[in-house]
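Thanks for coming. I have one structure to go through today, starting with the overall fold and ending with the core.

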Amino acid sequence: EILAFIEEKLVAIKPYITDIIGDIQLISPMRRGPLGTESLNALAQRIFNPGEPEGKMVNCGSVVFKPGDKVVHCQNKDLKVVSGATLEDWQTRCFSAETKRVFNGSIGVIIDADSEARELLVAYPEGFIAKYDSLLMAAGILELAFSLTCHKLQGSAARFVLIPVTSSHAMMLNAQLAYTGLTRAISKALLVGQKYMFERACKSLSDSRRYTVLESLCQTAKRA
């Protein structure tokens, strides 16, 4: 039921998304489970980047990467890069590529994929394009980033943030995670799930001794 509601909201907001990196971010406390990042990434990919372009998909386990996908770089790694943002930029500058360290947590968008060579090109908002060969892909250096954990989003932000809050996340859901998730939103944050789990997260403030806007949000939730 909660997953269906999330799907409904994502379909409704899709026409207003012009920048998949800066406009929308799903956040989940856990990777696995029906409302974990893996499940939410599969859902968001179907909504925001549908289709199966022939010769332009790279399979890594159960995940399919294709142009238009939002991805996160998962290791500090030196890669061959060129300045630019488009496939044309890469094609005209690839012979003068330089080495640049791409940091763990960097978020970009796939601009090209080669199914046969198992290679991807990813454009990053910092103004460069990085190439990922089959060895890097096999090492799991890239993951889908439509949905991420709070840990992966430290220092990032998006205009609209959606966070599932349910008992399936009970072991991980606490005030610090809730605070981090909510403060990733520039304009609006939507919490979907069970009200008492949000209240439980707020109550953990007394243990963490961290006093934030969550305290007043918790009081508001109780009065509702």
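By contact I mean heavy atoms within 4.5 Å. On that basis, of the contacts in the protein with a separation of 6 or more, 69% are between residues 24 or more positions apart. Please keep in mind that this is a predicted model.

The protein has 8 helices and 13 strands. Of its 224 residues, 46% are buried. The exposed surface comes to about 11700 Å², with carbon and sulfur atoms supplying 52% of it.

Next, helix H2, residues 37-48. Its 12 residues should span 16 Å at 1.5 Å a residue, and the end C-alpha atoms are 15 Å apart, so the two values agree. Which residues of H2 are buried? They are Thr-37, Leu-40, Asn-41, Leu-43, Ala-44, Gln-45, Ile-47 and Phe-48. What they pack against is one helix, H1 (2-13), and the strands E1 (24-27), E3 (63-65), E10 (142-144), E11 (147-148) and E12 (158-165).

Now the core. In soluble globular proteins, nonpolar side chains tend to be buried together. Here the largest nonpolar core has 52 residues, and Phe-48, Tyr-132 and Leu-142 have the most contacts inside it. Strand E12 contributes the largest share of this core, 6 residues. A second core, of 5 residues, lies apart from it and includes Val-82, Leu-121, Ala-123 and Ile-129.

Back to Leu-142 for a moment. Setting aside neighbours within four places in sequence, Leu-142 is in contact with Phe-65, Val-71, Val-72, His-73, Leu-120, Val-122, Tyr-124, Tyr-132 and Met-137. Tyr-132 thus appears both in that list and among the core residues with the most contacts.

Methods. Residues are numbered from 1 along each chain as its sequence is written. This is a predicted model: local features need pLDDT of at least 70, side-chain atom pairs count only at pLDDT 80 or more; totals for chains, interfaces and linings use all residues. Side-chain values use heavy atoms; hydrogens and water are left out. Helices (H or I, at least four residues) and strands (E, at least two) are DSSP runs, numbered from the N terminus. Buried means under 20% relative accessible area, exposed over 50%, partly exposed in between (1.4 Å probe, protein chains only). Accessible areas come from the Shrake-Rupley method with a 1.4 Å probe; for residues, only the protein chains shown count as cover. The expected span of a helix is 1.5 Å times one less than its number of residues. A nonpolar core is a set of buried Ala, Val, Leu, Ile, Met, Phe, Trp, Tyr and Cys residues joined through side-chain atoms within 4.5 Å.
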